[in-house]
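Reader: Please take me through one part of this model closely. I would like the helix packing and the core, and then how the rest of the chain is arranged around them.

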Amino acid sequence: MTAIKTGGWAVRIAGIVTLVLGVFIWVSPDPTAIRPVHMLAGIVVAISLLVLAFAGFRAGVPVLPIVAVVWAFLLPVFGMTQASMTFVPHVLIQVAHLAAGVVAIGLGEMISMKIAGPKGTMATAG
Ligand code: HEM
């Protein structure tokens, strides 16, 4: 139960921080100082999603935890390699990266909801 609540809030808070820092990167003329902080917050999102995925496995949630584990690895890999993807228009990379982050946050929400059950009663262990 603690892992689920902590993981859920960590994904939520780190996700919003990462998103806001990402928007600053987008609009800032010199995002050099913001980029590493954003990357660190994004890695916290990925690790928190992993914690939630394992809580989901333990609670017997189908499919979503597997997707979340894959996503938790793809998100930082994509973030760290996107600068070298010069064969695709950069704006497409930016939109795909933003979408990948939002999906990670959404996966965290969905797993938390599935574990909590229809009435939010936390019926299963975590
Ligand atoms: C919740 C997760 C995340 C969200 C919502 C998010 C969102 C964003 C947004 C909106 C931008 C600005 C647009 C862009 O340049 O793509 C950005 C930039 C960036 N993000 Fe993320 N991001 C997330 C996770 C990560 C992670 C895990 C990493 C790497 C460890 C990462 C690395 C980067 C880098 C390097 C940039 C700068 C790209 C550039 O300067 O062109 N992001 N992110």
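Author: What follows starts with the whole chain, moves into the core and its helices, and ends with the loops and the ligand.

This is a predicted model. The secondary structure comes to four helices and zero strands. Read along the sequence, the pattern is α-α-α-α. The C-alpha atoms fill a box of roughly 50 × 25 × 20 Å along the principal axes. The radius of gyration is 15 Å, which agrees with the value near 14 Å for a compact globule of 126 residues. Buried residues make up 29% of the 126 residues. Take the contacts with a separation of 6 or more: 69% of them join residues 24 or more positions apart.

Now the core. The largest nonpolar core has 20 residues. Those with the most contacts inside it are Leu49, Leu52, Ala68, Trp71, Ala72, Leu107 and Ile111. H1, H2, H3 and H4 each give two or more residues to this core. H2 gives the most, with seven residues.

So H2 deserves a close look. H2 gives this core seven residues. Helix H2 covers 34–58. It has 25 residues and reaches 36 Å from its first C-alpha to its last, close to the 36 Å expected at 1.5 Å a residue. Its buried residues are His38, Gly42, Val45, Ala46, Ser48, Leu49, Val51, Leu52, Ala53, Ala55 and Gly56. H1, H3 and H4 are among what covers them.

Leu52 shows this packing at the level of one residue. Leave out residues up to four places away in sequence. Leu52 then touches Ile4, Gly7, Gly8, Val11, Ala68, Gly108, Ile111 and Ser112. Of these, Ile4, Gly7, Gly8 and Val11 are listed among the buried residues of H1. Gly108, Ile111 and Ser112 are listed among the buried residues of H4.

Next, H1. Helix H1 runs over 2–27. It has 26 residues and reaches 37 Å from end to end by C-alpha, close to the 38 Å expected at 1.5 Å a residue. Buried here are Ile4, Gly7, Gly8, Val11, Ala14, Gly15, Thr18, Leu21 and Gly22. An α-helix has 3.6 residues a turn, so residues three or four places apart point the same way. The buried residues of H1 pack against H2 and H4.

Ile4 lies in H1. Ile4 counts as buried because 22 other C-beta atoms lie within 10 Å, and the cut-off for buried is 20 or more. Ile4 and Ile111 are 107 residues apart along the chain, yet their C-alpha atoms are separated by 9.0 Å.

That leads to H4. Helix H4 covers 90–116. Its 27 residues should span 39 Å at 1.5 Å a residue, and its end C-alpha atoms are 39 Å apart, which agrees. The buried residues are Gly101, Ala104, Leu107, Gly108, Ile111, Ser112 and Ile115. They pack against H1, H2 and H3. Leu107 and Ile111 are among the residues with the most contacts inside the core.

Now the loops and helix ends. Gly60 follows H2 and has a positive phi, near 80°. Val63 lies in the loop between H2 and H3. Most residues other than glycine have a negative phi. Val63 has a positive phi, near 60°, and is a residue other than glycine. Val63 counts as exposed because it has 9 C-beta neighbours inside 10 Å. Pro89 sits in the loop between H3 and H4. Pro89 also counts as exposed, with 10 C-beta neighbours inside 10 Å. The cut-off for exposed is 12 or fewer. Pro89 and Ala53 are 36 residues apart in sequence and 33 Å apart in space, C-alpha to C-alpha. Just after H4, Gly117 takes a positive phi of about 85°.

Last, the ligand. 27 residues surround it. The closest are Gly22, Gly42, Gly79, Gln94 and Gly101. H1, H2, H3 and H4 each supply at least two residues of this shell. The shell divides into 16 nonpolar residues, 10 polar and one charged. Three of the closest residues also appear in the buried lists: Gly22 in H1, Gly42 in H2 and Gly101 in H4.

Note on methods:
Residues numbered from 1 in each chain as written. Predicted model: local features only at pLDDT ≥ 70, side-chain atom pairs only at ≥ 80, totals over all residues. Near = placed C-beta within 6 Å. Nonpolar A, V, L, I, M, F, W, Y, C, P; charged D, E, K, R; others polar. Expected span 1.5 Å × (residues − 1). Contact = placed C-beta atoms within 7 Å. Rg over C-alpha atoms; globule rule 2.2 N^0.38 Å. Core = buried A, V, L, I, M, F, W, Y, C linked by C-beta atoms within 7 Å.
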